[in-house]
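Take a walk through this structure. Begin with the sheet, then turn to one charged side chain.

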Amino acid sequence: MPAVESNMFPLGEKAPSFELVNVINGQIVRLEDVKSDIATVIMFICNHCPFVKHVQEELVRLANDYQPKGISFIAINSNDVEKYPDDSPEKMKEVAEQFGYPFPYLFDETQEVAKAYQAACTPDFYIFDGAMQCVYRGQLDDSRPNNGIPVTGSSIRTALDALLLGKPVPKEQKPSIGCSIKWKEK
């Protein structure tokens with residue numbers, strides 16, 4: 001299956017609100033309750049995608065590095081679990097526990113949240129400032145499976161560091177590349 005690029009959600013757009021179940025503990029998570037006054041990182045990921053598997057450890061490192069600085073992280077899986085059972089809520093919980101996800105891992109069963117964010121691939125990353133306006137969307141870094149570039153999270157880290165310093169996030173942003181979101185057939 002060919003890799004898909006992210007749709008590049010418009011900069012300055014407000015984060016669409018959501019209320020989803022955190023598969024780790026079964027609790028409902030509302031964006032308004034977990035957002036940060038500094039920055040909120042929203043990641044569309046899943047379990048089976050090789051692009052996500054390639055960066056999983058860095059996602060945990062990134063959250064562990066920046067959550068103590070007041071930045072929120074939220075992961076969302078919107079895939080059709082009937083066709084992709086490895087992405088089921090039960091399997092999501094297993095993966096979250098295996099990797100020690102320090103952030104909620106939410107299941108978007110209706111796929112409405114992915115549509116609201118114009119998410120196209122996994123992984124797909126968004127950063128919203130304290131006013132919940134999009135300041136970054138795109139890739140984690142330049143690493144891809146088998147391209148030999150180390151996974152560092154540099155693109156996200158650069159954006160978050162700018163926000164922490166009160167500086168503008170660089171406008172040059174590259175789309176993420178990954179597996180397509182597995183949409184349900186109508």
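**The sheet and its helices**

Strands β5 (residues 71-77) and β6 (residues 105-107) run parallel and are joined by three bridges. Ala 75 is the residue opposite Tyr 105 in β6. Helix α3 (residues 89-99) packs on the sheet and touches β5 and β6. Its direction makes about 175° with that of β6. Contact means heavy atoms within 4.5 Å. Angles run from 0 to 180 degrees between N-to-C directions, with axes fitted to C-alpha atoms, for helices over the stretch in contact.

This is a predicted model: local features need pLDDT of at least 70, side-chain atom pairs count only at pLDDT 80 or more, and totals for chains, interfaces and linings use all residues. Residues are numbered from 1 along each chain as its sequence is written, and side-chain values use heavy atoms, with hydrogens and water left out.

Now the whole sheet. It is open, has seven strands with mixed pairing, and follows the order β3-β2-β6-β5-β4-β8-β9. Strands pair if DSSP finds at least two bridges between them. Helices (H or I, at least four residues) and strands (E, at least two) are DSSP runs, numbered from the N terminus. At the edges, β3 (28-30) and β9 each pair on one side only. Helix α5 lies across β4 (39-44), β5, β8 (124-129) and β9, at about 5° to β8.

**A charged side chain**

Arg 144 sits in the loop between β9 (134-138) and α5 (154-164). Arg 144 is buried, that is, under 20% relative accessible area with a 1.4 Å probe, protein chains only. The side chain of Arg 144 reaches the backbone oxygen of Asp 141 at 2.7 Å.

How values were computed:
Buried means under 20% relative accessible area, exposed over 50%, partly exposed in between (1.4 Å probe, protein chains only). Lys and Arg count as positive and Asp and Glu as negative; His and the chain ends are not counted. A salt bridge is a side-chain nitrogen of Lys or Arg within 4 Å of a carboxyl oxygen of Asp or Glu. A polar contact is a pair of N or O atoms within 3.5 Å; within protein, one must be able to donate a hydrogen and the other to accept it, and residues adjacent in sequence count only if both atoms are side-chain atoms.
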